[in-house]
Amino acid sequence: MIKIFNLFSVFFITLTLMPNVGFSHSNTHQTKLSPIHADGHAPIGVMGDHRHKTGEWMFSYRFMQMNMKGNIQGNDSISPQAIVSSISNPNAPPANVRVAALEMTTQMHMFGAMYAPSDVVTLMFMINYIQKEMDHLTFTGMMGANELGTFSTKTSGLGDTKLSSLWKLLNKGSHRLHLNLGMSIPTGSIDESDHVLTPMNTRPIIRLPYAMQLGSGTYDFIPGITYYAHQGKVGWGAQWTATLRLGDNENNYTLGDKQAVTGWTSYRVKDGASLSLRLTYRDEEAIDGKDDMISAPVTTANPNNYGGNYLGLTLGANIVGQRGTLRGHRIAIEYESTLNQNAHGVQLEMDNMITLGYQYAF
């Protein structure tokens, strides 16, 4: 936590100076430009937060890393030894789970583009490249809790592709309201496999559990609504979004529908720099159906061990250049920490998430 705070501090202090740095072809003739307010956009972790003017483009890149560590049953911690002693295996035999997940890291590279054919609607496109790694502890035998060894599984590749449109509902004074309508296209793989360490001390290649797959395998409808306003140096906003799965995928299961509500407030330190505080609540249903090829004696292979609700607090900084070649280039960071998590069944516990982003509009 201290390292993250130090990174955040260095990022903000250093980049706060950037808006005052410009490069001009002339030192004597410079046109005074209107300031670009850093809080004109929502915190970087909020997608589809703003519309553009007719004919305007914006390109963006985001890097997100999510870290999960340890297990919870509901909202109580549970050890690997307790998992293999008390949690049944729906794919029995063996009767109990024999492999416990220890931690997981997900990294996502998100490339986006926005274009406004009119002042009323803005179109948005986003592709993702995902890298996942999960560490496990295997216990040997059919009974007892004798540790056999650890192993890691990895997957990487293209995730699902998102197409969205943002429709103006209100633009009055400093108050803006728009409708988010989007679709997720199943371009991410749901057939990923890797070597595992079994309780019998063998290392076969098997299809990995649902959490390690790269996509949903289904077309998903993504509706939402976004509000933003500001007064002086203070801004505030809120967004509701949902992901609604449209049928089963080719492996006979459907990820759970989910909803998210987030609200934020920001303070403009200067024209080109702002700080933000954001609260997020997410709710997700369990997986419906089952992939018959996912049958390992591990908690993540059970569709009932997915979904639940989550509450997180996020601190952010937003920087935008004001002059010369830096003008309009926006860099942002957010760090999210878990306040509460209530999981269905037994799951890895969310630890933290960091998001870095770059945006440029023209």
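**Salt bridges and nonpolar cores**

With a relative accessibility of 60%, D292 counts as exposed, because the threshold for that class is over 50%. The model discussed here is predicted. The salt-bridge partner of D292 is K290, and the closest N and O atoms of the two lie 4.0 Å apart. K290 has a relative accessible area of 29% and is therefore partly exposed. Elsewhere, D191, R207 and D291 are joined into one network by salt bridges that share partners.

The general principle is simple. Side chains of opposite charge can pair when their charged atoms come close. A search of the whole structure finds seven salt bridges, and the network around R207 may be followed pair by pair.

Consider R207 and D191 to begin with. Their side chains meet in a salt bridge at 3.4 Å, N to O. R207 belongs to strand 9 (residues 205–207), while D191 sits in the loop between strand 7 (175–185) and strand 8 (193–195), so the pair ties together parts that are 16 residues apart in sequence. As its relative accessible area is 36%, D191 is partly exposed.

R207 also forms a salt bridge with D291, for which the N to O distance is 2.9 Å. This pair links distant parts of the chain, 84 residues apart: R207 is in strand 9, and D291 is in the loop between strand 15 (288–289) and strand 16 (308–320). R207 and D291 are both buried, that is, each has under 20% relative accessible area. The network thus contains a partly exposed residue, D191, together with the buried R207 and D291.

Attention now turns to the nonpolar residues. The largest nonpolar core comprises 31 residues, and M104, M134, Y210, Y253, I287 and L348 are those with the most contacts inside it. At least two residues of this core come from each of strand 1 (57–73), strand 3 (99–115), strand 4 (121–140) and strand 18 (346–361). Strand 3 provides the largest share, five residues.

L348 illustrates the surroundings of one such core residue. When its neighbours within four places in sequence are left aside, L348 is in contact with M68, G70, N71, A101, L102, E103, M104, M134 and Q341. Two of these partners, M104 and M134, are also listed among the residues with the most contacts inside the core. Apart from this core lies another, of six residues, including I78, I87, V97 and V346.

How values were computed: Residues numbered from 1 in each chain as written. Predicted model: local features only at pLDDT ≥ 70, side-chain atom pairs only at ≥ 80, totals over all residues. Heavy atoms only, no water. Core = buried A, V, L, I, M, F, W, Y, C linked by side-chain atoms within 4.5 Å. Buried < 20%, exposed > 50% of the residue type's maximum accessible area, 1.4 Å probe, protein only. Helix = DSSP H or I, 4+ residues; strand = E, 2+ residues; numbered from the N terminus. Contact = heavy atoms within 4.5 Å.
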